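This report describes the fold of one protein chain and the surroundings of its ligand. The sequence and the structure are shown first.

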Amino acid sequence: PVYEEGIVKVEDLKSAIKEETILITIMHANNEIGTIQPIAEIGKIAKENNIKFHSDAVQSVGKIPVDVNELNVDLLSISSHKIYGPKGVGALYIRKRTRLEPILYGGGQEKDLSPGTENVAGIVGLGEACRLAKEELDENIPYITNLRNKLIDGILNSVEKSYINGDIEKKASRKCKFQIHRN
Ligand SMILES: *Cc1c(COP(=O)(O)O)cnc(C)c1O
């Protein structure tokens, strides 16, 4: 569960681990309310328990710094079109010594993981989108955070009984989505 503030509690995660657990997967930034999960901390726990750890970073890449080593992840996935790249392309980071079974069989493309001719133009587009996202990150964070705060303040101050869903201190700052309810 994520409770009211929309954050996974590390203690809950610890107690959910069983002997047969082989994978933990938790999204980095939530696509509905923008909350950021304690990925680095969870990654440490996964490592201690010899469990592989995947994070969906589709909503965090390009909005906050994402470093696979700092986050302690074995696997991390991103999508191109969420950072203004072309649709239909994504990337999966795979740490060394993390073995995956393909879900499709056939050609040997992408290290036997995904048969079919690679979409080179799409891949180049994703690379360029990543380059730009990284380059613009430092500038974008304060700019978008300011816009977000203005919007939140405006709604909270003018709409009676409105409130924020999710912990405001732990939100992805760029393009953050949040839900405001009216009772
Ligand atoms: C959009 C999104 C996806 C799916 O990515 P597509 O490339 O659109 O299939 C996965 N996870 C999160 C958090 C997303 O926001």
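Read from the N terminus, the elements of the chain follow the order α-β-α-β-β-β-α-α-β-β. This corresponds to four helices and six strands. The model is a predicted one. Along the principal axes, the C-alpha atoms occupy a box of roughly 60 × 45 × 30 Å. Of the 183 residues in the chain, 36% are buried.

**Strand pairing**

Strand 1, residues 23-25, runs parallel to strand 2, residues 52-56, and three bridges join the two. Within this pairing, Ile-24 has Phe-53 in strand 2 as its bridge partner. Together with helix 2, which spans residues 39-48, strand 1 and strand 2 form a β-α-β unit that is right-handed. Strand 2 is also joined to strand 3, residues 75-79, by three bridges, and these two strands run parallel as well. Here Asp-56 has Ser-77 in strand 3 as its bridge partner.

**Ligand surroundings**

Asp-56 also belongs to the set of residues around the ligand, which consists of Met-27, Asn-31, Asp-56, Val-58, Gln-59, Ser-79, His-81 and Lys-82. Classified by residue type, this shell contains two nonpolar, four polar and two charged residues. The table lists polar side-chain contacts to the ligand.

| Residue | Ligand atom | Distance |
|---|---|---|
| Asp-56, polar side-chain atom | nitrogen | 2.6 Å |
| His-81, side-chain N or O atom | oxygen | 2.6 Å |
| Lys-82, polar side-chain atom | oxygen | 2.9 Å |

On its own the ligand has 380 Å² of accessible area, and the protein covers 61% of it. Asp-56 thus appears twice in this account: it is paired with Ser-77 of strand 3, and a polar atom of its side chain lies 2.6 Å from a ligand nitrogen atom.

**Helix 4 and strand 5**

Asn-157 is located in helix 4, residues 120-158. Asn-157 counts as exposed because its relative accessibility is 69%, and the cut-off for exposed is over 50%. Between the C-alpha atoms of Asn-157 and Asp-112 there are 55 Å, with the two residues 45 positions apart along the chain.

Ser-162 is part of strand 5, residues 162-164. Is Ser-162 buried or exposed? Its relative accessible area is 12%, and buried means under 20%, so Ser-162 is buried. The side chain of Ser-162 has polar contacts with backbone oxygens: that of Val-159 is reached at 2.8 Å, and that of Ile-155 lies 3.5 Å from a polar atom of the Ser-162 side chain.

**Positive phi values**

Which phi value does Asn-50 have? Phi of Asn-50 is near 60 degrees, a positive value in a residue other than glycine. Asn-50 sits in the loop that connects helix 2 with strand 2, and thus within the stretch of the β-α-β unit formed by strand 1, helix 2 and strand 2. Asn-50 is classed as exposed because its relative accessibility of 73% exceeds the 50% cut-off.

Asp-112 also has a positive phi, of about 70 degrees, although it is not a glycine. Unlike Asn-50, which lies in a loop, Asp-112 lies in helix 3, residues 109-112.

Note on methods: Residues are numbered from 1 along each chain as its sequence is written. This is a predicted model: local features need pLDDT of at least 70, side-chain atom pairs count only at pLDDT 80 or more; totals for chains, interfaces and linings use all residues. Side-chain values use heavy atoms; hydrogens and water are left out. Two strands pair if DSSP finds at least two bridges between them. A crossover is right-handed if, with the strands pointing away from the viewer, the path from the first strand over the helix to the second runs clockwise. A residue is near a molecule or strand if one of its heavy atoms lies within 4 Å of it. A polar contact is a pair of N or O atoms within 3.5 Å; within protein, one must be able to donate a hydrogen and the other to accept it, and residues adjacent in sequence count only if both atoms are side-chain atoms. Accessible areas come from the Shrake-Rupley method with a 1.4 Å probe; for residues, only the protein chains shown count as cover. Ala, Val, Leu, Ile, Met, Phe, Trp, Tyr, Cys and Pro count as nonpolar, Asp, Glu, Lys and Arg as charged, and the others, Gly among them, as polar. Buried means under 20% relative accessible area, exposed over 50%, partly exposed in between (1.4 Å probe, protein chains only).
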